[in-house]
Amino acid sequence: MLEKYYTVKGYGENEIVIEKSRFICYVQRATTEEEAVQFIQEIKKKHWDATHNCSAYLIGEHDQIQKANDDGEPSGTAGVPMLEVLKKKGLKDTVVVVTRYFGGIKLGAGGLVRAYSKSVSEGLKTTGIVERRLMRVMHTKIDYTWLGKVENELRSSVYEIKEIHYLENVEIETYVEEGQKQAFIEWMTELTNGKAEIYEGEAVYLEKEINEI
């Protein structure tokens, strides 16, 4: 699993007009090729009367699946430039569709490349981008007498509390970066004078919205 990667926040859409042609960009997160293809089909069905519904997607940790479709535009003027925008931004698990309604003015090859690239860039801005960082859920079991001190220290630390379970003993679940596990265990052991029971839980991705990348 990657320590971190960037992807889109979720669904988004944005429209721009260039030389009277409407370019509507649709964005979605997709973790499988089936999801990406289904999304493209949905947009094509919605805009069955459009001049073109061009698409591109990147799937997999190492971008194992990459597809671009010009949907009738001159070869290499739509799908590939759209895919290049996703690559340049370092996005993963992302599908984009740009629907074009021709406005009567031909843009030429260079104009089409710029138009489809701009449409995707603007669509991504509207949708938003997130960083997904791999974290380990660390479980800390303590006696109730330690709760106040440990919770206060955690809330003012770099670690983020996931959940607190009030059972026979208190169990605190904390998000810890993979590389900080040992440091967390040592810190928590010292904090509780060795009275804490600490063990690893599942690995999960935490999402954080970021500014333009």
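A salt bridge here is a side-chain nitrogen of Lys or Arg within 4 Å of a carboxyl oxygen of Asp or Glu. Counted that way, the structure, which is a predicted model, holds 20 salt bridges. The background is simple enough: side chains of opposite charge can pair when their charged atoms come close. Three of these pairs are worth a walk-through, followed by a look at one helix.

Take Glu131 and Lys4, to begin with. Their side chains meet in a salt bridge, with 3.8 Å from N to O. Glu131 sits in strand β7 (residues 129-142) and Lys4 in strand β1 (residues 4-8), so this pair ties together parts that lie 127 residues apart in sequence. The two partners do not sit alike with respect to the surface. Glu131 has a relative accessible area of 8%, and since buried means under 20%, it counts as buried. Lys4, on the other hand, is partly exposed, at 40%.

Another pair is Glu207 with Arg29, whose side chains form a salt bridge at 2.6 Å, again N to O. This one also links distant parts of the chain: Glu207 belongs to strand β10 (residues 197-210) and Arg29 to strand β3 (residues 21-29), with their positions 178 residues apart in sequence. Here Glu207 is partly exposed, with a relative accessible area of 39%, and Arg29 is partly exposed too, with a value of 21%.

Then there is Lys44, which pairs with Asp71; the closest N and O atoms of this salt bridge are 4.0 Å apart. Lys44 is part of helix α1 (residues 33-46), while Asp71 is found in the loop between β5 and α2, so the contact ties together parts 27 residues apart in sequence. Lys44 is partly exposed, with a relative accessible area of 25%, and Asp71 is likewise partly exposed, at 26%. Salt bridges can also share partners, and in this way Lys4, Glu131, Arg133 and Glu177 are joined into one network.

What about the helix that follows the loop holding Asp71? Helix α2 spans residues 79-88, and several of its residues are tucked away: Gly79, Pro81, Met82, Leu83, Val85 and Leu86 are buried. Which elements cover these buried residues of α2? The cover includes the strands β4 (52-59), β5 (65-69) and β6 (94-101), along with helix α3 (108-127). Just after α2 comes a small backbone detail, where Gly90 takes a positive phi of about 70°.

Terms used. Residues numbered from 1 in each chain as written. Predicted model: local features only at pLDDT ≥ 70, side-chain atom pairs only at ≥ 80, totals over all residues. Heavy atoms only, no water. Buried < 20%, exposed > 50% of the residue type's maximum accessible area, 1.4 Å probe, protein only. Helix = DSSP H or I, 4+ residues; strand = E, 2+ residues; numbered from the N terminus. Contact = heavy atoms within 4.5 Å.
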